[in-house]
Amino acid sequence: MDAAQSAHVPFGDPTQSAARVRGRVTGAVAAVSRRYSLAVQLARYAVVGGGATALNAALFLLLRPVLPAVPANLVALVLTTAVSTEASRRFAFDGAPAHRLREWVHDAGTVAFYATYTSAVLLALHQIAGATTPGEEAAVVAAASLVGGLLRFAVLRFWVFDVARPAAAGARGDQGGRHPCPEQPSSTPST
């Protein structure tokens, strides 16, 4: 472009300007993510958890006309637990490698905890309120799930996912970001 042509483009090449802005925004987001990694992970986990809670409530409401409250809750819980764990790994924890055995134990423990906890909440609701609507039951289960979510976040972050190591560093491509069972050592031995 000669001087006469560049005079008509007051801010330079729009493609280059957009790339510079995109680079600066990406850099700023990366800096905030590094500095406040726990807060960023918790915020992302809350998004995933909110979606999983909404999915759980929707499944519960779909199943409730054909099943009693507790079995409908259990089926919805089993279906959403594995999905939310994988979504948390990919989104909240940036695809961190998962220790496969720990993930299985976590999922089974999560189902057992929430099955017991939310079933007790539903039974208590029926004892206190008597006849309830499926919408009221779903709201109580959703509220109870929020309380257990913080405990689950801590278990995922500090036990299941290796957040200290990038996803590509410790996992082979055929494992989808997961360590094989048993766990691989996190560093190579020195000689």
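Colleague: Why do the 38 Å between the end C-alpha atoms of helix H3 agree with its number of residues?

Modeller: This is a predicted model, in which local features need pLDDT of at least 70, side-chain atom pairs count only at pLDDT 80 or more, and totals for chains, interfaces and linings use all residues. Residues are numbered from 1 along each chain as its sequence is written, and side-chain values use heavy atoms, without hydrogens and water. Helices are DSSP runs of H or I with at least four residues, and strands are runs of E with at least two, numbered from the N terminus. H3 covers residues 37–63, and its 27 residues at 1.5 Å a residue (taken times one less than the number of residues) should span 39 Å.

Colleague: Which elements are included in what covers the buried residues of H3?

Modeller: Buried means under 20% relative accessible area with a 1.4 Å probe, protein chains only. Among the buried residues of H3 are Tyr-45, Val-48, Ala-52 and Phe-60. Their cover, counted by contact (heavy atoms within 4.5 Å), includes H4, H5 and helix H6 (134–160).

Colleague: At what angle do H4 and H5 pack?

Modeller: Axes are lines fitted to C-alpha atoms over the stretch in contact, and angles run from 0 to 180 degrees between N-to-C directions. Helix H4 spans residues 69–92 and helix H5 residues 100–129, with axes 9 Å apart. The contact includes Leu-74 and Leu-77 of H4 and Tyr-114 and Leu-122 of H5. The packing angle is about 150°.

Colleague: What share of the residues in the protein is buried?

Modeller: The protein has seven helices and two strands, in the order α-α-α-α-β-α-α-α-β from the N terminus. Of its 191 residues, the buried share is 32%.

How values were computed:
Buried < 20%, exposed > 50% of the residue type's maximum accessible area, 1.4 Å probe, protein only.
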